[in-house]
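Reader: I have the chain open in my viewer and would like to go through it with you, starting with the cysteines. Could you put it up here as well?

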Amino acid sequence: MWQEENINPTNIITGSFINPYSLFVTLNGDIYIDDGEQNGRVQKWIAETNTFVTVMRVSLSCWGLFVDINDTLYCSIQYRGQVVKRSLNDAVMTSNRVAAGTDFPGSTSNQLSGPRGIFVDVNLDLYVADFNNNRVQLFQLGESNGITVAGNTSLNPTITLRGPSGIVLDTEKYLFIVDQHNHRIVGSGLNGFRCLVGCYGYGSQSNQLFRPASFSFDPYGNMFVTDTENHRIQKFLLMKDSFAVSFNQPKFCSTAIRNSNGITFADRSIVGRFPTAIFVNKNNTVYVANRENNTILMWHEESVNPTKIISGNFTNPYSLFVTLNGDIYIDDGKENDRVQKWSAETNNFITVMNVESSCWGLFVDISDTLYCSLYNHHQVVKRSLNDPVMNSNRVAAGTGINGSDSNQLARPHGIFVDVNLDLYVADCGNDRVQLFQPGESNGITLAGSLTYPTTISLDCPSGIVLDAERYLFIVDQNNHRIVGSNLDGFRCLIGCYGMGSQSNQLNNPFSFSFDHSGNMFITDQFNSRIQEFKYLRRLCVKAIKSGYYSFRVSGAIDPYGSIYKNKFNPLHPLENLLNQDYVRDSHMQLKLDIYLDVDIIYVLVMTTFDSKVTGGFSIVVLGENEVILDRLSTPVNIQLKYSLKLTDDSPTYYRDCQVPHCHYETLQIHVNTTGSYILWSKSNTDAYGYIYKNDFNPLKASENLLLSHGGPKQSSCVIGDQCNVYMKGIGLTLDDILRDELQPNTVLNNQSFSIKLSAGLTIIMFVAGLINSILSFITFQHKDSQQVGCGMYLLASSITSLLAISMFIIKFWFVVLTHINVSTSLSVLRGGCASIEPILKLFLYLDGWLNACVAVERATLIFKGVNFDKKKSKFIARQTILILPFCIFGTLIHELAFRRLFVYEAAPGMIKPIGSAEICKKKELGICYMKLQISLLKDFIRWHNKSA
């Protein structure tokens, strides 16, 4: 045993068990250990007594042990193809039952073959690592037939396993599996299974395993693995963003289309002749290799011209790849037989891989393995960048011989490796895309004429990318187009109008890359240019709406349109917005169908989907009759500029609990004309602005608030109107539930449904509590029930319960009625604020203590038995019942003394109007405030700065 952070074992336990295959530790520190090979049993080491006891009889070794939440012990018996279980609460030692398997090894759904690791979740579902069947089986509670959740025989093949021997579920019910004969640990996630540990083949290096048997997580997600053949325990640290990648994998909707007209991002004068290599990273930095002058060009986001040009001694590069830290891997195989890396840190080039010819595709996977597709050698090779030996290339796909078999390639081009380490190859010479799973030499055809059924016809695919949903996007080079897949199969995306040099055409494209918005950058090789094609995201919404008029918009921008009834308020864009639907159409960018009534003014608002975009567009309207479009937009007129300054003399208030002391200034707004207004501020401080109607109350900053910009939300530690008076606990107070729903000066019948429901439930609770208390009182008032102190406690408890439920309903209606009637007398509010809550607490605490006294007396009765003194019990009960209220009241006396109404002073420069009413609303925790009604102010604005 190792306690946390200890390097050496802190405890060594010796026992009579022999050759154990598994163990399990429970919450109290007891250890269950296999001892079935020679002694036919499972033993438990008891942490409290430091001794071993036998807890289960078995016929053979338990290759997996587990104790579920019901204290049932499970044992997987490999050589009998069975999992058995026994309740640890059962006194009969031989009470084993079958949990899974038939006692005859097999591969049907109710059979197992060589089961090893097991896991039982809180639903008592049993997961079994079915070793010889290369699968993981799920046996739901009460079911004898298992469901394959991982392995080739699952309904939807997930991942290829070879001898799964251990299994764990995380809190999200994702599977983590020891894939023993593949010498790795795999795990599932939103995107399916992926390799986690041991992804470099078997061995004894720090990143390798050799026949691992089991593993376990620590609380931090770090993984401890029994590396059997290497005779060691390996710890693998959980790294945040461990599967972060440097390239973009956008998530597209199923109906998304792109602007069919591309924008020339860079022409021949910049990228040279026949560009092939391009990469766009997560920061939207674009990298392109210029093959004519052997340079790498970089454009940072929104840059028109290259922001950096890197020169090197590479020649005629076909591909490049950029990692998260900005290092650039570039092909230099044509003349120098190598791949070079430009280090962003040192600005130097170094050789990282020796190759025999040009790499027409480069890729670095999440495990820092570099892949190169060798066009002339019909093969993809790879090398771990962590391996110090430079000539350590291994074959990833292909035999080196031109061919069309499943294990062969012909002139491979672009490659892609996902987080599962699955390798996708654009097999140009065979007009197909091949998938090679880890450890497999035979590929699976995913796209091309050789698929069955046929997916899409390709002619020399040269580039490939997967999106976030694992859909394929392929450069179909000799068909001069880009195709992509979705739920409906493959479709043409770009270059669907034949070969050419127009903005909607391509000529022998080579590769492409997505930016983070889903826009596509393509190396249009024979047109010697880089083309950018915009992703029209708003067309993701697909619906059909009938109507008499159709608005169709197209242009150089990605338009976004809305139709409003009567008027459009830019400060409230949802106001007056009509129901609308965008209809997907491959020939236009926006099509909006809507029913329009005569004699009603409608406003069509046209903008762009992305910010800071300008350009021309045209609108075509089809319908029953002519539609007249009048432009309403006018330049913004600045009506007023006002300067002010915050100083140490400016008033302060509690904006929230995190930033309590904020200086502020208030400005009164006089509006001459009703309409829409925009207010903005420029300052050398981090300023927040708020607009209030009629009045600004610094003790209750959320009251009368109309609009805020940049300000924080109300802190969760605020209750009532003050910070740091009481900290909010678990649950909701009456004020939390009711304060935003109650409408002032409105009778209960006209209040919201939630208020009526709360009132009804409160009455039901009161009636139920009243009946319960009365029945309890009737029961325990008889002398027979008061022969011992317990009966006297219960009689007193029935009375306090009645008083508590009565105070609760009084409290509820006090909150409701004082919120509704804002003219409630100040003395009434002050009395309720100071008394109701402490009295309610008094009865609740007293009832709890009386029940505790009952429990104590019952425990005493059991302990003393026949020696229990009833008279003494009654005497103690009388004294306790008399003393308890005074003790509890003493703990609450401070609330009566310190509960008060808070009054605030007007800020400097503000005049308190004569005859202003003092109004205090009772809050849930007795926190009250005094509000100044300032009738002279209609609209009130304040600008203030943050202060710590």
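Reader: What handedness does the disulfide of Cys428 and Cys460 have, and why?
Author: In this predicted model, the torsion about the S-S bond of Cys428 and Cys460 is about -95°, so the disulfide is left-handed. The two sulfur atoms of this pair are placed 1.8 Å from each other.

Reader: And where do Cys428 and Cys460 sit along the chain?
Author: They link distant parts of the chain, 32 residues apart. Cys428 is in the loop between strand S35 (423-427) and strand S36 (432-436), while Cys460 is in the loop between strand S37 (444-448) and strand S38 (461-466).

Reader: Are Cys428 and Cys460 buried or exposed?
Author: Both Cys428 and Cys460 are buried.

Reader: How many disulfides are there by this rule?
Author: The count comes to 4 disulfides, taking cysteine sulfur atoms within 2.5 Å as the criterion. One of them joins Cys359 to Cys372, with an S to S distance of 1.9 Å, and with -95° about the S-S bond this link is left-handed. Cys359 belongs to strand S30 (residues 359-364) and Cys372 to strand S31 (residues 369-374), 13 residues apart, and the pair is listed as linking distant parts of the chain. Cys359 and Cys372 are both buried.

Reader: What about Cys492 and Cys496, how far apart are their sulfur atoms?
Author: The sulfur atoms of Cys492 and Cys496 are 2.0 Å apart, and the two residues form a disulfide. The link of Cys492 and Cys496 is left-handed, with -105° about the S-S bond.

Reader: Why is Cys492 classed as partly exposed?
Author: Cys492 has a relative accessible area of 29%, which is why it counts as partly exposed, since that class lies between the 20% and 50% cut-offs. Cys496 is partly exposed too, because its relative accessible area is 38%.

Reader: And why would Cys790 count as buried?
Author: Cys790 counts as buried because its relative accessibility is 11%, and buried means under 20%. Cys853 also counts as buried, at 15% relative accessibility.

Reader: Going back to S35 and S36, what is the strand order of the sheet they belong to?
Author: The order is S34-S35-S36-S37, in an open sheet of 4 strands with antiparallel pairing. Strand S34 (412-417) and S37 stand at the edges, and each has a single partner strand, so one side of each is left without a neighbour in the sheet. From one strand to the next, the twist averages 20°.

Reader: How many bridges join S34 to S35?
Author: There are 4 bridges joining S34 to S35, and these strands run antiparallel. Across from Ile415 stands Val425 in S35.

Reader: Which feature does UniProt place at residues 400-439?
Author: The UniProt record, an unreviewed entry, places the feature "repeat: NHL" at residues 400-439, and also at residues 106-142. In the model, residues 400-439 are 0% helix and 40% strand, with the end C-alpha atoms 17 Å apart. Residues 106-142 are 0% helix and 43% strand, and their end C-alpha atoms lie 20 Å apart.

Reader: Different spot now: is Ser165 buried or exposed?
Author: Ser165 is buried, because its relative accessible area is 4%. Its place is in strand S13 (residues 164-169). Leaving out residues up to four places away in sequence, Ser165 touches Arg116, Gly117, Ala129, Phe131, Val178, Gln180, Pro212 and Ala213.

Reader: What is the mean pLDDT of the chain, before I read too much into any of this?
Author: The mean pLDDT of the chain is 80, and 80% of its residues reach 70 or more. Over residues 710-732, however, the pLDDT is below 50, although this stretch has 43 contacts in the model beyond near neighbours in sequence. Residues 581-587 likewise stay under 50, and the model has 24 contacts for them beyond four places in sequence. Where pLDDT is low, the predicted coordinates should not be read in detail.

Reader: Last one, for the whole chain: how many helices and strands are there?
Author: The chain has 8 helices and 59 strands. Of its 948 residues, 48% count as buried. Among contacts with a separation of 6 or more, residues 24 or more positions apart account for 50%.

Notes: Residues numbered from 1 in each chain as written. Predicted model: local features only at pLDDT ≥ 70, side-chain atom pairs only at ≥ 80, totals over all residues. Heavy atoms only, no water. Helix = DSSP H or I, 4+ residues; strand = E, 2+ residues; numbered from the N terminus. Buried < 20%, exposed > 50% of the residue type's maximum accessible area, 1.4 Å probe, protein only. Contact = heavy atoms within 4.5 Å. pLDDT = per-residue confidence, 0-100. Pairing = 2+ DSSP bridges. Axes fitted to C-alpha atoms, helices over the stretch in contact; angles between N-to-C directions. UniProt positions renumbered as here; feature names shortened; annotations may be inferred.
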